[in-house]
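Hi,

Here is the structure I promised to send over. Have a look at it first, and then read on for what turned up.

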Amino acid sequence: MSQTPPASELRELLSRDAREVAPLLLGAVLTHEGRDGPVSVRITEVEAYLGPQDSLHPDPGSHTFRGATARNAVMFGPAGHLYVYFTYGMHHCANIVCGPDGLASAVLLRAGEIVAGEELALSRRPTSKSPKDLASGPARLATALGIKTADSGRDALQSPFRLELPAVHAVDVSSGPRVGVSGAGGSHDYPWRFWLSGDPTVSRYKAAKVRLA
């Protein structure tokens, strides 16, 4: 069961440190009511990302590490908005911006369970082999929800989106290094990936590939 506090309260919660917000989003339900209909996903895996190298909390794995750009400007606030980026020339990934306005941080939505609109999600991901695979991974999750870069900057707390927190915070939560992040940002010094322990929709851990000179 989920709950929907007033948007102002939810935005205040999201304005905390992303490392604190990330595990609180486990079990939350994000809904996107697109032109084709609604799809809802229960979030089972997330990753926290912080700020530039000259900030109070530098994060070498973050898109903002080298400073603000036109693409990552959304990560600097306000909290509760979507930061969506396109990667590998084929995939969209969705984040929810966190932290105080002006301080860059966000939580990547890594995986989830489709809890409404499964047929529509499957039409968007026809190669999926089972329901548990529909949103198991950040690109799969964004595709199933119908989220694209045009949604970057849109408010996740207002129509056509809705974010509902779990009535009870998850207690069986695991954490570890982030997936596919190269360099120091992907090391055990940054155990900012959080997931619901044992949930079948959680993606498999993969370390970043080491590039040979």
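Before anything else, keep in mind that this is a predicted model.

I'll start with the cysteines. C98 counts as buried because its relative accessibility is 1%. C93 also counts as buried, at 5% relative accessibility. So why is C98 not bonded to another cysteine? The closest cysteine sulfur to that of C98 belongs to C93, and at 16 Å it is too far away for a bond. For reference, the cut-off for a disulfide is a pair of cysteine sulfur atoms within 2.5 Å. A search over the whole structure comes back with zero disulfides, and C93 is accordingly in none, with the sulfur of C98 as its nearest cysteine sulfur.

Next, helix α4, which I'd look at closely. Six of its eight residues are buried, so the helix is largely enclosed by the rest of the structure. The buried ones are P138, A139, L141, A142, A144 and L145. Their cover includes the strands β2 (29-34), β3, β5 and β6, along with helix α3 (118-124). Just past the end of α4, G146 has a positive phi of about 75°.

A139 makes a handy place to zoom in. It sits in α4 and counts as buried, with a relative accessibility of 16%. Apart from residues up to four places away in sequence, A139 touches H91, H92 and C93, so one of the two cysteines discussed above turns up again here, the buried C93. For a sense of distance, A139 and G99 are 40 residues apart in sequence, and their C-alpha atoms are 24 Å apart in space.

Then compare K148, in the loop between α4 and β7. Is K148 buried or exposed? Its relative accessible area is 52%, which makes it exposed. Setting aside neighbours within four places in sequence, K148 is in contact with V84 and H92. K148 and V84 are 64 residues apart in sequence, yet 6.6 Å apart in space from C-alpha to C-alpha. H92 is also on the contact list of A139.

Over at helix α1 (residues 7-14), the buried residues are L10, L13 and L14. Seen down the helix axis they fall within an arc of 100°, so they line one face of α1. As a reminder, an α-helix has 3.6 residues a turn, so residues three or four places apart point the same way. S8 and E12 are exposed on the other side of α1. What do the buried residues of α1 pack against? Their partners are α2 (18-24), β5 and β7 (161-166).

There are a couple of cis peptide bonds to check in your viewer. One joins G77 and P78, with omega at about 5°, and P78 is in the loop between β3 and β4. Another joins S159 and P160, where omega is about 15°. P160 belongs to the loop between α4 and β7, the loop that also holds K148.

Finally, the pockets. How much space lies in the largest pocket? About 1600 Å³. It is lined by 41 residues, and those closest to its centre are Y88, R110, P138, V179 and G180. The elements giving two or more residues to that lining are β3 (37-49), β4 (82-87), β5 (91-97), β6 (106-116) and α4 (138-145). P138 is worth a second look, as it is also among the buried residues of α4. By class, the lining splits into 16 nonpolar, 14 polar and eleven charged residues.

The second largest pocket holds about 230 Å³ of space. Of its 15 lining residues, H57, P100, L103, A104 and S105 lie nearest the centre. Eight residues in this lining are nonpolar, six are polar and one is charged.

If you open the model with a plan, I'd go from α4 and its buried residues to the lining of the largest pocket, to which α4 contributes, and then look at the cis bonds at P78 and P160.

Cheers

Methods
Residues are numbered from 1 along each chain as its sequence is written. This is a predicted model: local features need pLDDT of at least 70, side-chain atom pairs count only at pLDDT 80 or more; totals for chains, interfaces and linings use all residues. Side-chain values use heavy atoms; hydrogens and water are left out. On a 1 Å grid over the protein atoms alone, a cavity is a set of points where a 1.4 Å probe fits but cannot get out, and a pocket is an open set with protein on both sides within 12 Å along at least five of seven lines; lining residues have an atom within 4 Å of a point. Grid points are joined across faces, edges and corners, and a volume is the space filled by probe spheres set on the points. Helices (H or I, at least four residues) and strands (E, at least two) are DSSP runs, numbered from the N terminus. Ala, Val, Leu, Ile, Met, Phe, Trp, Tyr, Cys and Pro count as nonpolar, Asp, Glu, Lys and Arg as charged, and the others, Gly among them, as polar. Buried means under 20% relative accessible area, exposed over 50%, partly exposed in between (1.4 Å probe, protein chains only). The arc is that of the directions from the helix axis to the C-beta atoms. Contact means heavy atoms within 4.5 Å.
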